[in-house]
Amino acid sequence: MHVQDSHWSSASAVAAGGATMSATAGNGRGNGSRTTPLRVDAQRNLEHVLRAAREVFGELGYGAPMEDVARRARVGVGTVYRRFPSKDVLVRRIAEEETSRLTDQARAALGQEDEPWSALSRFLRTSVASGAGRLLPPQVLRVSVEEERAGQARVPQQRTQPGPAELRLVPEEPVAVAAEDDTGASALLEVVGQLVERARAAGELRADVSVSDVLLVIATAAPSLPDAAQQAAASARLLDILLEGLRSRPV
C-alpha cells in the first residue's frame, strides 16, 4: 500500500459540494441572494467528479493532480474547478465523506453485533472491503500508542508520489484543519474506541492494541492493485493475518 501526502490548506474553504448553489438575485441593487437547485447535467457532473476523485485518490493518494480527476470523470478540468475552487476543497470533501462512512460502519457494527470480537472484526472487514483505508485523512491517524501512553502524537508519513508500499511513523507536525474535520475525526475515534474497549474488556483483544492500531489495520489492509479481483483477494488474506495478530492469546 502507498498512502500519500495531502497538502491540507489552513484557509477556510467554502463547501463546494451539495445539491444547491447560491446565485445573486437581480433586484437592481445586487445585494440579494437566492438558492436554486442544480441543473440535472450539473448534478450529474458533480456526481461523476466525486466518484472519479474517490477512485483517483484511492489509487494514487491525495497528491494526485486535478487533471487526473477530470480525465477519470470525463469532464474538462474547468468543470472540476467550477464545483471545487481548489484541490484542497475537493480533498476535504472526499476525506470528510470517507470519515463519515467509516463512522457509520463502526456504529452499525457496535449496534448490531452482540459479541465484542465479532463487532470489531465486522467493522474491519467492512471498512477494508469498501477501500476506505486508502482515503483516510491525516488527522484521523493522529492517535497512536505513544500518544495514549505518553501524550506524544505521531502520524504515518505519507508519500507524495506513487511508489512501493511504505508506511512509516514520524513525529507529527502541526496540521491545520477545519473545525468540522476535527469533529468528524473525533466522532470516528470515539466509536472505534468503544469497539476496542469492548473487545479488550472481553479478553478477546490484545491489551496493547490501540485505536490507532485498528485504523492502521484498515489502511494497510487495503492495497491498491490494478486487478480488482486480485485486490479483493489480497485484502481479505492480509486482513485475516492482521486480525490474528490483534487477538489475545491464552497465557
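Residues are called buried when their relative accessible area is under 20%; the views below show a predicted model.

**View 1. Helix α8 and its surroundings.** Helix α8 spans residues 211-220, and 8 of its 10 residues are buried, so the helix is largely enclosed by the rest of the structure. The buried positions are Val211, Ser212, Val214, Leu215, Leu216, Val217, Ile218 and Ala219. At the N-terminal end of α8, Ser210 acts as a cap, with a side-chain oxygen 3.3 Å from the backbone nitrogen of Ser212.

**View 2. The largest nonpolar core.** This core comprises 33 residues, and those with the most contacts inside it are Leu120, Phe123, Leu124, Val192, Leu205, Val214 and Leu246. Two or more residues come from each of α4 (87-112), α5 (116-130), α7 (179-201), α8 and α9 (228-246). The largest contribution, 8 residues, is that of α7.

**View 3. Contacts of Phe123.** Leaving aside residues up to four places away in sequence, Phe123 touches Leu102, Gln105, Ala106, Ala109, Val192, Leu195, Val214 and Ile218. A second core, separate from the largest one, has 22 residues, including Ala53, Val56, Val80 and Ala95.

**View 4. The second largest pocket.** The second largest pocket holds about 210 Å³ of space. Its lining consists of 14 residues, among which Arg54, Glu55, Gly58, Arg134 and Gln231 lie nearest the centre. Helices α1 (40-60) and α4 each supply at least two lining residues, and α1 gives the most, with 4. By class, the lining has 6 charged, 5 polar and 3 nonpolar residues.

Key:
Residues are numbered from 1 along each chain as its sequence is written. This is a predicted model: local features need pLDDT of at least 70, side-chain atom pairs count only at pLDDT 80 or more; totals for chains, interfaces and linings use all residues. Side-chain values use heavy atoms; hydrogens and water are left out. Buried means under 20% relative accessible area, exposed over 50%, partly exposed in between (1.4 Å probe, protein chains only). A polar contact is a pair of N or O atoms within 3.5 Å; within protein, one must be able to donate a hydrogen and the other to accept it, and residues adjacent in sequence count only if both atoms are side-chain atoms. A nonpolar core is a set of buried Ala, Val, Leu, Ile, Met, Phe, Trp, Tyr and Cys residues joined through side-chain atoms within 4.5 Å. Contact means heavy atoms within 4.5 Å. On a 1 Å grid over the protein atoms alone, a cavity is a set of points where a 1.4 Å probe fits but cannot get out, and a pocket is an open set with protein on both sides within 12 Å along at least five of seven lines; lining residues have an atom within 4 Å of a point. Grid points are joined across faces, edges and corners, and a volume is the space filled by probe spheres set on the points. Ala, Val, Leu, Ile, Met, Phe, Trp, Tyr, Cys and Pro count as nonpolar, Asp, Glu, Lys and Arg as charged, and the others, Gly among them, as polar.
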